[in-house]
Amino acid sequence: MKQIHLSPRLQMAADLVVKREQNAWLVDVGTDHAYLPAWLLQNHREQFAYVIATDLREGPLDRARRTAREAGCEQNIDFRLCDGLAAVDPREADSIVIAGMGGETIVHILESAHWKAEWWRGEEGGMEDKILVLQPMSSMPELRKWLQENGFSIVEERLAKEGDTLYTALLVRAGEMAPLSPAELWAGRNCHVPLRGEWLDRWIARTGRALEGMALAQGDGVLPKKRELEDVWKGLQDMKKEWEQWQM
Ligand SMILES: C[S@@+](CC[C@H](N)C(=O)[O-])C[C@H]1O[C@@H](n2cnc3c(N)ncnc32)[C@H](O)[C@@H]1O
């Protein structure tokens, strides 16, 4: 039997799933190789009552079945070909992972879940003690804004590094959260891991470069955009100072 090893990025997402209580009904959306559910089943079998792995395309689902076969857990995973959560009933899902996709795709998946009306609001055995583990590769401000505007609360954020790239993962539950500042929309909050300082430095550099790029730009929409970005940049600097003080 092949032992599954996760990359730091997927390990970060898996660790957030393992935090929740036992007997979870897990759905891994956009599973591709199914490394995450296979690792969870190999290492925390007792925590999972049922595991579903979905993907939009046959090729990734075939890869997922191969991984599961090699890892000795093919009979424990229900593979479904669908867009996001389209072929998943709300009663089958209490821990949902959506990892390795752009923030817009994650929003599309959450927005178009056919059962969202009753489930996301916590009715009919809905979202209340359920979790989402989201691991966006891009469009993080847009994703956090959508979560904030749609009744979700980001409980915790983690970071992982692979090579020179930093990745984030969000643990999300239903419920109100204090509004995120413009800088928090970009860099997140409730994140207390050692990589946080480096993560903030990168966002400061990125917003700084964007501001430099806008310095000579003209036109109606430029000034408000520039002000918005300046707000983010200043907020990130403050967050970095707070982080440094907290480290001392
Ligand atoms: C880059 S892979 C990520 C695989 C794995 N989740 C990870 O984090 O390593 C993205 C996978 O998501 C699938 N995907 C993209 N959009 C999707 C959607 N709307 N619904 C289901 N799967 C989707 C793709 O087919 C692909 O297999």
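**Exercise 1.** Leaving aside its neighbours within four places in sequence, which residues is H114 in contact with?

*Solution.* Start with the criterion: contact means heavy atoms within 4.5 Å. With neighbours within four places in sequence left aside, H114 is in contact with L85, A86 and V88. Next, place the residue: H114 sits in the loop between α4 and α5 (116-120), where helices (H or I, at least four residues) and strands (E, at least two) are DSSP runs, numbered from the N terminus. Then check the surface: H114 is exposed, at a relative accessible area of 54%. Here buried means under 20% relative accessible area, exposed over 50% and partly exposed in between, with a 1.4 Å probe and protein chains only. Finally, try a distance: from the C-alpha atom of H114 to that of K2, 112 residues away along the chain, there are 36 Å.

A word on the model: it is predicted, so local features need pLDDT of at least 70 and side-chain atom pairs count only at pLDDT 80 or more, while totals for chains, interfaces and linings use all residues. Residues are numbered from 1 along each chain as its sequence is written, and side-chain values use heavy atoms, with hydrogens and water left out.

**Exercise 2.** Find which residues come nearest to the ligand, then describe its polar surroundings.

*Solution.* Take the shell first: of the 17 residues around the ligand, R9, G30, D55, D83 and G84 come nearest (a residue is near if one of its heavy atoms lies within 4 Å). Now look at N and O pairs within 3.5 Å. An N or O atom in the side chain of D83 is 2.7 Å from a nitrogen atom of the ligand. For G84, a polar backbone atom is 2.7 Å from a ligand nitrogen atom. A99 brings a backbone N or O atom 3.0 Å from a nitrogen atom of the ligand.

Which elements give two or more residues to the shell? They are α1 (8-18), β4 (95-101) and α4 (103-111), and β4 gives the most, with 3 residues.

**Exercise 3.** Compare the settings of D32 and A34, whose phi values are positive.

*Solution.* Recall the background: most residues other than glycine have a negative phi. D32 has a phi of about 50°, and A34 has one near 60°. To locate them, go to the loop between β1 (24-29) and α2 (35-44), where D32 lies; A34 is also in the loop between β1 and α2. Are they buried or exposed? D32 is partly exposed, with 27% relative accessible area, whereas A34 is buried at 0%.

Technical notes: Polar contact = N/O pair within 3.5 Å; in protein donor to acceptor, adjacent residues only side chain to side chain.
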